[in-house]
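This briefing introduces one protein model and its nonpolar packing. Look over the sequence and structure before reading the points below.

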Amino acid sequence: MASFFIPLTGLEADSTALNTIANDLANMNTTAFKGQAVNFSDLFYQQIGTSGSDDPIQVGAGVKVGSIETAFSQGSIDSTGNATDVALNGNGFFVVDSGGANDYTRDGNFSLDSTGNLITADGQQVLGYPAVNGVVNTNSPLAGINIPVGQVEQPQATANLNMTANLDATSTTGTAFPAQITVYDSLGVSHVATVTYTQTATNTWSYSVALPAGDFTSGVSTPVTGSMVFNSSGDLTTVTPTGGVAKTVGTVAGDISSIPVAFTGLADGSANLAMKWNLLGSGGTPTISQVASASAVSTTTQDGYASGQYQSFAIGSDGTVTATFSNGQQQSVGQVALANVANLQGMTLLGNGDYAATLASGTASIATSGTNGLGTLQDGALEESNVNISAEFSDLIIAQRGFEANAKAVTTFDTVTQETINMIH
């Protein structure tokens, strides 16, 4: 009767193989699904004697499923254009919250809930490193990624302004050249600052920075004034603020690199506007020059902005989540974390594309994409299943033949058994 048991083990093993193949085919269109393969191993052997040369004569007891391995090879990347979709290209898993414990998934088919939390298709919150005031801290504990949907970014008063300009060296005394730059106060209200350069002597210009009189409670605009001196090469060398002393333009101790520009008593009730007009560009080169060319401003920059309503977000290849506001500003609100384990085959499959770490897999190590051997992220895309339909059909035929062969063995043993019973009776 022991021999009758052998084909039954084959039927069970081949049935497991057929089920696994069927599961792969059923999930061939499941996002980030990883196909599996069944490996067989023989069962124990019983020694029933020895040969004339004393070699052991052994009879096998059948077959069993030795392992079911998951193929963690990369699936194809399919562009979706949906900002909440994220494809992982390379090693690793997204980290998601499962009731206070971490689960892991490669399925980046995310969405936003009513409070702006980035969640998986089955409602688990996607975890990452938090950001404070736009700065991500990768040393902080993981927290849920939250998008500031419906939120307003607070305004920022201008603290620094820059103007790259040339003043025409062929101008005559008394020639004035006005230039404008928009700045912002603490309430986010914009003000147009006019910088007027007036030639007072050869290689010497006065400057006056003023806001419109209507911007002040008093109705009177008091400009910030001073003078600038250029050398024979047209380089700005000396600045003398009104009421101050002449200082060399430079970066060494005692030099001047910026001009304080302050306005008080703004009519909108905002805080006093205190700015620095930076005179040096990259490499320490003065931004104001005087050569024989038409007076002109090439660029102006400043660091203030009005308030802004949340508009959209994007996830960079390094996992940084950046929110964009209607004022044109962008702010990092977090960074998606990735994880990996030493033994991928030791992970437990939980369904819904989730995995859990086990003692066999080892503790998950968590970092950011592109580090520690982890892959990178692609926003607006999803990883497809890595199931190879041709290979699955080939394996299906092999498993089918194995099942049919074992079934035939069962019927054969049944016939032999019946004949044996008939001989007894």
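Which residue takes a positive phi in the hairpin of strand 19 and strand 20? The model is a predicted one, and in that hairpin the residue is Gly-234, with phi near 85°. The hairpin has 5 residues between its strands.

**Strand 19 and its partners**

- Strand 19 (224–230) pairs with strand 20 (236–241); the two are antiparallel and share 5 bridges.
- Strand 18 also runs antiparallel to strand 19, and 6 bridges join them.
- Met-228 of strand 19 faces a residue in each partner: Trp-205 stands opposite Met-228, and Met-228 stands opposite Val-239 in strand 20.
- The covered face of strand 19 consists of Val-224, Gly-226, Met-228 and Phe-230.
- Thr-225, Ser-227 and Val-229 make up the uncovered face of strand 19.

**The largest nonpolar core**

- In soluble globular proteins, nonpolar side chains tend to be buried together.
- The largest nonpolar core here holds 33 residues.
- The members that touch the most others are Tyr-197, Val-209, Met-228, Val-239, Phe-263, Trp-277 and Ile-288.
- Elements giving two or more residues to this core include strand 15 (160–168), strand 17 (190–201), strand 19 (224–230) and strand 23 (273–278).
- Leaving aside residues up to four places away in sequence, Ile-288 touches Met-163, Ala-165, Leu-167, Tyr-197, Met-228, Phe-230, Leu-236 and Trp-277.

**Another core**

- Apart from the largest core lies another one, of 21 residues.
- Among the residues of this other core are Val-86, Ile-145, Phe-325 and Leu-374.

Technical notes: Residues numbered from 1 in each chain as written. Predicted model: local features only at pLDDT ≥ 70, side-chain atom pairs only at ≥ 80, totals over all residues. Heavy atoms only, no water. Core = buried A, V, L, I, M, F, W, Y, C linked by side-chain atoms within 4.5 Å. Buried < 20%, exposed > 50% of the residue type's maximum accessible area, 1.4 Å probe, protein only. Helix = DSSP H or I, 4+ residues; strand = E, 2+ residues; numbered from the N terminus. Contact = heavy atoms within 4.5 Å. Pairing = 2+ DSSP bridges.
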